[in-house]
Amino acid sequence: MNSTDIISQADPDNLLAESLEIAISGAMYLSTVIKDDGFFRYRVSPITDKTLKGYNALRHCGTTWTLLDVYQKTLCSDKVLQAAERSLSRMYDEYFRSYQGLKHVCVISETKNMIKTGGAGLAILALCTYY
């Protein structure tokens, strides 16, 4: 029996409850790896517990949206909402820039030399979920 068979035979109510439980658990974890300044602690070595290189706008915007989406759907914990708000604040400060005048806002890369279309899409989802 493969995973598709197991899912198709599962009780839909139980599957929904389990999925929400997993989502809440993940959001609670994410709320513990965001620092006071709104940056997440990504790519951690399990051996040394040191933070590795690789932070970027796409990850930041996507994780922010995830926190907001789980909170909106479950109202699981104010800790998740507070973490998301710190992340939103960092997103505004770090990644949003005016493009072609004030009519357009874009998400820029961490090196500040390119527009991140995927980051912009995820940022839009995060903002729509929050507001």
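Two exercises with worked solutions follow, on helix packing and on the nonpolar core.

The model is predicted, so that local features need pLDDT of at least 70 and side-chain atom pairs count only at pLDDT 80 or more, while totals for chains, interfaces and linings use all residues. Residues are numbered from 1 along each chain as its sequence is written, and side-chain values use heavy atoms, with hydrogens and water left out.

**Exercise 1.** Determine how α3 is oriented relative to α4.

*Solution.* Begin with the axes (lines fitted to C-alpha atoms over the stretch in contact, with angles from 0 to 180 degrees between N-to-C directions); those of α3 and α4 come within 9 Å and cross at roughly 150°. Angles over 145 degrees count as roughly antiparallel, and α3 is therefore roughly antiparallel to α4. Next, take the residues in contact (heavy atoms within 4.5 Å): among them are Leu 67 of α3 and Met 91 and Tyr 95 of α4. By class, this contact has twelve nonpolar, three polar and two charged residues.

**Exercise 2.** Identify the residues of the largest nonpolar core that touch the most other members, and the helix that supplies its largest share.

*Solution.* A nonpolar core is a set of buried (under 20% relative accessible area, 1.4 Å probe, protein chains only) Ala, Val, Leu, Ile, Met, Phe, Trp, Tyr and Cys residues joined through side-chain atoms within 4.5 Å. Of the 26 residues in the largest core, Leu 67, Met 91, Tyr 95, Phe 96 and Val 107 touch the most other members. Helices α2, α3, α4 and α5 each supply at least two residues, and the largest share, seven residues, comes from α4.

Key. Buried < 20%, exposed > 50% of the residue type's maximum accessible area, 1.4 Å probe, protein only. Helix = DSSP H or I, 4+ residues; strand = E, 2+ residues; numbered from the N terminus. Parallel < 35°, antiparallel > 145°, perpendicular 65-115°, else oblique. Nonpolar A, V, L, I, M, F, W, Y, C, P; charged D, E, K, R; others polar.
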